[in-house]
Amino acid sequence: MSVQPHKFPPIHSFTPFFSYSFCPSDSRQPTQETWIRQRTLWIEIILSYCQSQRLFLVDLNELAKSPLFDNKTINRRVQREMIDELFAEIVAIGNGEWEDKKQKKRCFVWWKKPEEWAALIYAWASENGQKICTVYEIVEGDGTEGLEFHGLNMDAVKRVLEVLVKQGKGQIFYGSSDADMGIKFA
Amino acid sequence: MRQRGIAGIQRAQAQKTHFERVGSELSQQQLAQLKQQLSVFKENLESFSIKYRNEIRSNPQFRAHFQSMCASIGVDPLASNKGFWAEVLGVGDFYYELAVQIAEICIATREKNGGLIDLQDLKRYLEKSRGKNAQQISDDDIAQSIKSISTLGNGFEIVTFGSRKMVQSVPRELNKDYETVLAVAQESGFVTRIGVERMLGWDEGRVESVLTKLLQDSVCWIDLQAEPHQYWVAGFFSQD
């Protein structure tokens, strides 16, 4: 799948709720009720940004510099502390998972949850009569070109395969390298 | 010659009674006249409303005039859903229905505007949710409906800030200061502390307390990256 530059909902404007750049959206609101609302809106924006950019694993330091959080049009940027708070919530609601649980700098972003990816991969395998494939075949192989999980991050796909194991739909086998790792579908 | 004694008192009393009698006769006459006038007026109003029933239902301006005509003689077509007026015109249902829709929209948008929605935005939402084939509605219809639900005591109210009319759905005592600051904000959508101080000539504490309250009530969002900080009124920035 090709990556198009993300077209922000005149974002930082929080559309469709506000008709143009709403500057306070980039400042962490001190009133709890307002903040909850702000957080919900931001999470929607983050997930749709990652989906359009096909980002599966993000580094928060890098993301802080991206157009997502650095809105040059209105010269406002979201502070790092607020980004941390947003991702804590993304993780809490199951749309994210820390890759580094201690530092909390790198986060898988599940704009589709692991269960959804697992279902897509399993459906593909069933339709094509795949019994055994390597991780490489799933995410980089010619056979999955054009499918949504093609290009899925290697580390992310491992998490997804674990879901299939848990569901009793496959068994993981390990090769000499990460790319050789694979799954035997049940 | 001064009148003394019992005769004098009696005469005075007789006079008083006489005056009272004449007075009450007069006012009774007036009352009867008025009653008659009113009943004629009511009759005319009824036949008028039957004659122009469709016009009243479909033309919001016409409806507003009719409404004010009714109000001036103490007839309230909204008062009852079952009464003559509602039966003839179906207006009771109309306003009732509209009121429910207004309440729904106010509640649904409360999170983002802190319970303060621009009347024009509300109207747009209403038109959208009512669909193309529904009766047209006017600002006045909205005002009437809100008046009819405000008696329930749930805090629905139209408040005016400068030239902007807004519907408030969260019971909140908008004191004069609060209103004044929002009126200042409606120009650009936001205010700064210093801006309010200068424009209104208030001291720091007074401005501070209003702005703090606006934030606490989720009516305003603060832009901490602007220098000086700006207080934006969420309800002024709406969906198109």
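Me: How much area does chain B expose, and what share of it do carbon and sulfur atoms supply?

Reply: In this predicted model, chain B exposes about 14100 Å², and carbon and sulfur atoms supply 52% of that area. Buried residues make up 40% of the 240 residues in chain B, and the chain holds eleven helices and six strands.

Me: What makes the packing of helix α10 of chain B against helix α11 of chain B oblique?

Reply: Two packed helices are described by the angle between their axes and the distance between the axes. Here α10(B), residues 193-200, and α11(B), residues 204-216, pack at an angle of about 125 degrees, with their axes 10 Å apart. Roughly perpendicular covers 65 to 115 degrees and roughly antiparallel begins over 145, so α10(B) is oblique to α11(B). The crossing of these two helices is right-handed.

Me: Which residues of α10(B) and α11(B) meet, and how do they divide into nonpolar, polar and charged?

Reply: From α10(B) come B:Arg193, B:Val196 and B:Glu197, and they meet B:Glu204, B:Val207, B:Glu208 and B:Leu211 of α11(B). The residues of this contact divide into three nonpolar, no polar and four charged. Val and Leu count as nonpolar, whereas Glu and Arg count as charged.

Me: Why is B:Ser218 called buried?

Reply: Buried means under 20% relative accessible area, and B:Ser218 has a relative accessible area of 3%, which is why B:Ser218 is called buried. This residue is found in the loop between α11 and β5 of chain B, and its phi is positive, about 65 degrees, although B:Ser218 is not a glycine.

Me: Why is A:Asn75 called exposed?

Reply: A residue is exposed when its relative accessible area is over 50%, and A:Asn75 has a value of 64%, so A:Asn75 is exposed. A:Asn75 lies in the loop between β2 (70-71) and β3 (76-77) of chain A, and phi of A:Asn75 is near 55 degrees, a positive value in a residue other than glycine.

Me: What is worth noting about the peptide bond from B:Glu227 to B:Pro228, and where is B:Pro228 placed?

Reply: Most residues other than glycine have a negative phi, and most peptide bonds are trans. The bond from B:Glu227 to B:Pro228, however, is cis, with omega near -5 degrees, and B:Pro228 has its place in the loop between β5 (220-223) and β6 (230-233) of chain B.

Methods
Residues numbered from 1 in each chain as written. Chains lettered and ligands numbered in written order. Predicted model: local features only at pLDDT ≥ 70, side-chain atom pairs only at ≥ 80, totals over all residues. Heavy atoms only, no water. Axes fitted to C-alpha atoms, helices over the stretch in contact; angles between N-to-C directions. Helix = DSSP H or I, 4+ residues; strand = E, 2+ residues; numbered from the N terminus. Parallel < 35°, antiparallel > 145°, perpendicular 65-115°, else oblique. Left-handed = near helix turned anticlockwise from the far one by under 90°. Contact = heavy atoms within 4.5 Å. Buried < 20%, exposed > 50% of the residue type's maximum accessible area, 1.4 Å probe, protein only. Areas by Shrake-Rupley, 256 points an atom, 1.4 Å probe, with all protein chains shown as cover.
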